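Please look over the sequence and the structure before reading on. The report that comes after them deals with helix packing and charged pairs.

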Amino acid sequence: MKRNLVDQYVHYAEMQMECTFSGNYKKGNRASEKLFDMNTFLKENFEENREIIDLLIESSNPNVCIWISDVSLDLQYRADKVISILKNISKREDLGLIGLNAEMQLKTRNLL
């Protein structure tokens with residue numbers, strides 16, 4: 001089940017990122033809702049899902065890192081690592097709006 005949850009999370013984060021670039025806001029909103037629900041589940045069941053959260057924090061997909069940062073920062077779990085990842089993502093010009101999303105995550109939490 002854990003691998004399936006990781007795969008689903010990555011799938012929806014990739015879909016949401018693609019929709020951000022393409023402007024398909026309806027499909028992007030559906031993916032965002034799924035990610036929001038998954039984040040709520042991960043927060044509510046943190047102890048059982050710490051391994052999943054760790055895998056997602058270490059993802060090579062910047063949008064996965066941005067989305068899982070909500071869980072990490074809300075729970076103060078590996079916050080220093082996540083802040084560093086978000087700062088790096090926010091500096092990447094090749095990511096466009098995704099980089100801006102990372103920057104806004106930091107700004108809204110007064111971490112920048």
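What follows covers the basis of the values, one helix contact and several salt bridges.

## Basis

This is a predicted model, in which local features need pLDDT of at least 70 and side-chain atom pairs count only at pLDDT 80 or more, while totals for chains, interfaces and linings use all residues. Residues are numbered from 1 along each chain as its sequence is written, and side-chain values use heavy atoms, with hydrogens and water left out.

## Helix 4 and helix 6

Helices here are DSSP runs of H or I with at least four residues, numbered from the N terminus. The axes of helix 4 (residues 62–75) and helix 6 (residues 97–108), which are lines fitted to C-alpha atoms over the stretch in contact, come within 9 Å and cross at roughly 15°. Helix 4 is therefore roughly parallel to helix 6, a term for angles under 35 degrees.

The contact (heavy atoms within 4.5 Å) involves Pro62, Asn63, Ile66, Ser69, Asp70 and Leu73 of helix 4, together with Ile98, Asn101, Ala102 and Gln105 of helix 6.

## Salt bridges around Asp74

With a salt bridge taken as a side-chain nitrogen of Lys or Arg within 4 Å of a carboxyl oxygen of Asp or Glu, the count comes to nine. Lys43 and Asp74 form one such bridge, at 2.5 Å from N to O; Lys43 lies in helix 2 (residues 25–44) and Asp74 in helix 4, so the pair ties together parts that are 31 residues apart in sequence.

Asp74 also meets Arg109 in a salt bridge, at 2.7 Å from N to O, and Lys43, Asp70, Asp74 and Arg109 are linked in a network of salt bridges.

Technical notes:
Axes are lines fitted to C-alpha atoms, for helices over the stretch in contact, and angles run from 0 to 180 degrees between N-to-C directions. Helices (H or I, at least four residues) and strands (E, at least two) are DSSP runs, numbered from the N terminus. Angles under 35 degrees count as roughly parallel, over 145 as roughly antiparallel, 65 to 115 as roughly perpendicular and the rest as oblique.
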